[in-house]
Amino acid sequence: MTETLRFDSSSSELHLLDQRILPHQTAYIRCRTHGEVADAITTMVVRGAPAIGVAAAYGVYLGALEALKNQESISHTMEQVFALLAASRPTAVNLFWAIEKMRRVSERHMTADPQIWRQALLEEALRIHADDVESNRRMGAYGAPLLPAGGGVLTHCNAGALATAGYGTALGVIRSAVSAGRGIQVYATETRPFLQGARLTAFELLQDNIPVTLLCDNMVGSLMAQGKIQAVVVGADRIAANGDTANKIGTYTIAIVAKEHGIPVYIAAPCSTIDLQIASGDQIVIEQRDPAEVTHLQGHHIAAAGVQVENPSFDVTPARFISAIITDKGVAYPPYRETLAQLVGSD
Ligand SMILES: CSC[C@@H](O)[C@@H](O)C(=O)COP(=O)(O)O
């Protein structure tokens with residue numbers, strides 16, 4: 001699989017696969033400053049909750065290198081670094097989780113020799129990166145048995161290797177089920193307006209020789225009614241303490257239609273996506289993106305000029321529509337307020 005991101009320690013550059021131009025071109029953008037990383041997150045060069053978190057961790061490290069060259073105090077510069085990265089996208093909690101982890105390491109080593117402080121930050125970013133791949137593989141192993149052998153499995157957006165440091169969350173579960181020989185048929189929604197399904201999910205599954213059938217977003221209900229879908233598995237950007245889950249816009253609609261048809265809906269996400277600080281999905285900030293993403297398709301203006309546009313990037317699926325949450329520490333079932341707290345607190 002094409003690498004989503006890689007850090008070159010010798011040149012201190014973060015190489016990010018430019019996901020805006022996939023699948024037609026494969027090119028990497030090099031980030032040398034925390035500002036370049038923040039910009040790459042905002043402009044969707046890198047996207048997907050776990051990948052955003054990993055990129056932000058390296059962004060903090062690049063900010064630390066800038067702080068060492070600065071005349072201003074290190075702690076003052078680092079506050080600016082944390083703030084800029086935290087403002088890059090609002091919904092995926094993995095961003096804030098990774099920044100917080102980096103902040104703790106920074107504060108712990110602040111009084112040490114500057115080179116020891118710098119090295120500790122690099123090691124933490126590398127650890128966050130490596131742990132993400134491991135946690136996806138564990139999630140895959142926990143989730144694969146839930147998928148129906150020989151059935152149709154629908155996924156939405158891209159919760160794959162491209163949305164993480166590797167292997168994927170929802171697509172990791174699908175990959176594990178395929179490896180275990182469960183013979184599933186994968187259906188991917190197109191995922192307007194950014195087309196993560198058509199461009200990214202289709203690309204990465206085909207790269208792995210996993211057959212996938214593409215659907216326009218508005219075809220989901222019809223396929224469910226025809227009996228072609230036996231399970232839904234998607235990722236998450238933020239899961240509240242009660243299990244309410246923010247994910248790519250359209251997940252809510254899919255979950256309601258799935259419930260009507262008696263089809264289970266599984267969320268696959270690492271514990272770093274669970275935000276126990278918020279009681280319910282009402283408190284999740286939903287990112288509003290540029291109307292041009294809706295009025296234009298690959299740079300072509302397709303909508304009537306002057307039309308008003310809504311472009312929320314995520315929606316919240318209430319916990320009652322979610323059959324189980326597959327995490328890197330095991331599978332949580334309702335009542336989520338208890339089971340998620342137990343999983344997050346466990347070793
Ligand atoms: C493993 S990725 C989980 C989610 O981040 C994913 O489903 C999603 O909604 C991505 O949105 P995006 O706007 O492409 O960052």
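# A walk through the helices, the ligand and the loops

Start by selecting α3 (residues 74-86) together with α4 (93-108). These two helices pack at an angle of about 170°, and their axes lie 10 Å apart. Because angles over 145 degrees count as roughly antiparallel, α3 is described as roughly antiparallel to α4. Show the side chains next: from α3, the contact takes Met 78, Phe 82, Leu 85 and Ala 86, while α4 answers with Leu 95, Phe 96, Ile 99, Arg 103 and Ser 106. Colour this α3–α4 contact by class and you get seven nonpolar residues, one polar and one charged. Keep in mind as you go that this is a predicted model.

**Next stop: α2 against α4**

Keep α4 on screen and add α2 (49-69). How far apart are the axes of α2 and α4? They are 7 Å apart, and the helices pack at an angle of about 30°. That angle makes α2 roughly parallel to α4. Turn the view until one helix lies in front of the other: α2 passes α4 in a right-handed crossing.

To see what fills this contact, select Ala 49, Pro 50, Ile 52, Gly 53, Val 54, Ala 56, Ala 57 and Val 60 on α2. On α4, the partners are Asn 94, Leu 95, Trp 97, Ala 98, Ile 99 and Met 102. Leu 95 and Ile 99 will be familiar, as they also belong to the contact with α3. By class, the contact of α2 with α4 holds twelve nonpolar residues, two polar and no charged ones.

**Zoom out: two domains**

Now colour the chain by domain. The domain assignment gives domain 1 as residues 5-137 and domain 2 as residues 141-345. Their centres, taken over C-alpha atoms, are separated by 25 Å. Domain 1 puts 25 residues into the contact between them, and domain 2 puts in 32.

Which helices should you highlight on the side of domain 1 that touches domain 2? Pick α2, α4 and α5 (114-143), each of which supplies at least two residues. The largest share, six residues, comes from α5. By class, this side of domain 1 has 13 nonpolar, eight polar and four charged residues.

**Between the domains: the ligand**

Centre the view on the ligand and show its surroundings. Domain 1 and domain 2 both give residues to the shell around the ligand, so the ligand lies between them. The shell has 18 residues, and the closest are Arg 47, Ala 49, Ala 163, Gly 235 and Lys 248. Ala 49 is worth a label, since you met it in the contact of α2 with α4. The elements that give two or more residues to this shell are α2 and β9 (245-248). In terms of class, the shell divides into eight nonpolar, seven polar and three charged residues.

**Follow α5 to α6**

Select α5 again and add α6 (residues 170-179). The two axes come within 8 Å and cross at roughly 60°, which makes α5 oblique to α6. The crossing of α5 past α6 is right-handed.

On the α5 side, show Asn 136, Arg 137, Met 139, Gly 140, Ala 141 and Gly 143. They meet Gly 172, Val 173, Arg 175 and Ser 176 in α6. What classes do you find here? The residues of the α5–α6 contact divide into three nonpolar, five polar and two charged.

**Last stop: backbone details in the loops**

Switch to sticks for the backbone. Most residues other than glycine have a negative phi, and most peptide bonds are trans. Three places are worth a look against that background.

- Go to Ser 12, in the loop between β1 (5-8) and β2. Phi of Ser 12 is near 55°, a positive value in a residue other than glycine.
- Move on to Pro 23, in the loop between β2 (13-17) and β3 (28-31). The peptide bond from Leu 22 to Pro 23 is cis, with omega near 5°.
- Finish at Pro 193, in the loop between β5 (185-189) and α7 (196-207). Here a cis peptide bond joins Arg 192 and Pro 193, and omega is about 0°.

Note on methods
Residues numbered from 1 in each chain as written. Predicted model: local features only at pLDDT ≥ 70, side-chain atom pairs only at ≥ 80, totals over all residues. Domains from an automatic or database assignment. Contact = placed C-beta atoms within 7 Å. Helix = DSSP H or I, 4+ residues; strand = E, 2+ residues; numbered from the N terminus. Nonpolar A, V, L, I, M, F, W, Y, C, P; charged D, E, K, R; others polar. Axes fitted to C-alpha atoms, helices over the stretch in contact; angles between N-to-C directions. Parallel < 35°, antiparallel > 145°, perpendicular 65-115°, else oblique. Left-handed = near helix turned anticlockwise from the far one by under 90°. Near = placed C-beta within 6 Å.
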